[in-house]
Amino acid sequence: MHRRPTRSLSQILISAILLFSIWILFSGKFEFKFLLIGLFSSIIISIICFPFMLITNNKSGKQFFVFDFNILKFLSYSLWLIIEIIKSSIDVAKEIFKPNMEYEPLIVYFSMPFENPLASVVLANSIILTPGTITIDVDGDGIFEVHALSKKFSSGLLDGRMQQKIAEIFNENCQFTPLEHMTVVRKGVK
């Protein structure tokens, strides 16, 4: 049996404020009756949807609210990720346009056991968004299996910068461990 989070009222208020802000942005009406209807609707929807905005860690049973992260660090990370995507896109294009493509795709493993499951989802999707790398699997212990186009692309994953930034967003300790002994090299097809 899961216990109810202690901060549920503040989390409901946060989601109600977000919904009300979106309602104001889209409606553009500032008459009292419309503001009251929007506020009332936002609160009711937040109360009804609150149980669906909780994510449970399967190991510990601890519940996390989906909007419980540092928004400023998330925006900063998003900007950093966009820059990394652009740089990686250029590197992949350079690899493709080389006269003789000499790359060795490989699979790398690293351990990053986040307590918040949403942090693992953000990391896995960030890896997928970055050209040259694809998240293949994430197991329950936080071991990520990632396909990289070459050693150059895998080195960016094994330095732990992305993992550290995501740990900061979700206020977690970064327990990143590269598992280089598990690296499996796969020869490219010529």
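This is a short talk on a few places in one protein structure, taken one after another.

Good morning, everyone. Before we look at any residue, please keep in mind that the model we are discussing is a predicted one, and that the residue numbers I use count from 1 along the chain as its sequence is written.

Let me start with the aromatic rings. How many aromatic pairs does the structure hold? There are 8 aromatic pairs in the structure, and one of them is formed by Phe69 and Phe74, whose rings are 5.3 Å apart from centre to centre, with 55 degrees between their planes, so that this pair is classed as tilted. To place that wording, a pair of aromatic rings is described by the distance of the centres and the angle of the planes. Both partners are partly exposed, since Phe69 has a relative accessibility of 23% and Phe74 has a relative accessible area of 27%. Elsewhere, Phe50, Phe65 and Phe67 come together as one aromatic cluster.

A ring can also meet a charge, and here I would like you to find Lys29, which lies in the loop between helix H1, residues 8–27, and helix H2, residues 32–49. Over which ring does the charged end of Lys29 sit? The ring is that of Phe34, and the charged end is 5.0 Å from the ring's centre. If we leave out residues up to four places away in sequence, Lys29 touches Trp23, Phe34 and Leu35, and with a relative accessibility of 41% Lys29 counts as partly exposed. As a point of orientation, Lys29 and Glu180 are separated by 151 residues in sequence and by 58 Å in space, C-alpha to C-alpha.

Now let us turn to helix H4, residues 117–129, where we find Ser120. Is Ser120 buried or exposed? Its relative accessible area is 15%, and because buried means under 20%, Ser120 counts as buried. Setting aside its neighbours within four places in sequence, Ser120 is in contact with Phe114 and Phe144.

Phe144 deserves a careful look of its own, and its place is in strand E5. This residue is buried, with a relative accessible area of 0%, and, apart from neighbours within four places in sequence, Phe144 has contacts that include Val108, Tyr109, Phe110 and Met112, as well as Leu123, Ala124 and Ile127. Although Phe144 and Ser120 are in contact, their C-alpha atoms are 9.2 Å apart in space, and the two residues are 24 residues apart in sequence.

Staying with H4, we can ask how this helix meets another one. What is the angle at which H4 and helix H6, residues 161–169, pack? The angle is about 145 degrees, and the axes of the two helices are 10 Å apart, while the crossing itself is right-handed. On the H4 side the contact is made by Ala119, Val122, Leu123, Ser126 and Ile127, and on the H6 side by Met162, Gln163 and Ile166. Sorted by class, this contact has 6 nonpolar and 2 polar residues, and no charged ones.

If we follow the chain into the loop between H4 and strand E4, residues 133–138, we come to Gly132. Not counting neighbours within four places in sequence, Gly132 is in contact with Ser88, Val92, His147, Ala148, Leu149 and Phe153, and Gly132 lies 9.6 Å from Ile85 in space, C-alpha to C-alpha, with their positions 47 residues apart in sequence.

One of those contacts, Ala148, belongs to strand E5, residues 143–148, and Ala148 is buried, with a relative accessible area of 0%. With the same kind of neighbours left aside, its contacts include Pro105, Leu106, Thr133 and Ser154. Ala148 and Ile107 are 41 residues apart in sequence, and yet 6.0 Å apart in space, C-alpha to C-alpha.

Finally, I would like to show you a backbone detail. As background, most residues other than glycine have a negative phi. Asn171, however, has a phi near 55 degrees, a positive value in a residue other than glycine. Where is Asn171 placed? Its place is in the loop between H6 and strand E6, residues 177–178, and with a relative accessibility of 61% Asn171 counts as exposed.

Thank you for listening.

Conventions:
Predicted model: local features only at pLDDT ≥ 70, side-chain atom pairs only at ≥ 80, totals over all residues. Heavy atoms only, no water. Phe/Tyr/Trp six-rings, centres within 6.5 Å; stacked < 30°, edge-to-face > 60°. Buried < 20%, exposed > 50% of the residue type's maximum accessible area, 1.4 Å probe, protein only. Lys NZ or Arg CZ within 6 Å of the ring centre and 35° of its normal. Helix = DSSP H or I, 4+ residues; strand = E, 2+ residues; numbered from the N terminus. Contact = heavy atoms within 4.5 Å. Axes fitted to C-alpha atoms, helices over the stretch in contact; angles between N-to-C directions. Left-handed = near helix turned anticlockwise from the far one by under 90°. Nonpolar A, V, L, I, M, F, W, Y, C, P; charged D, E, K, R; others polar.
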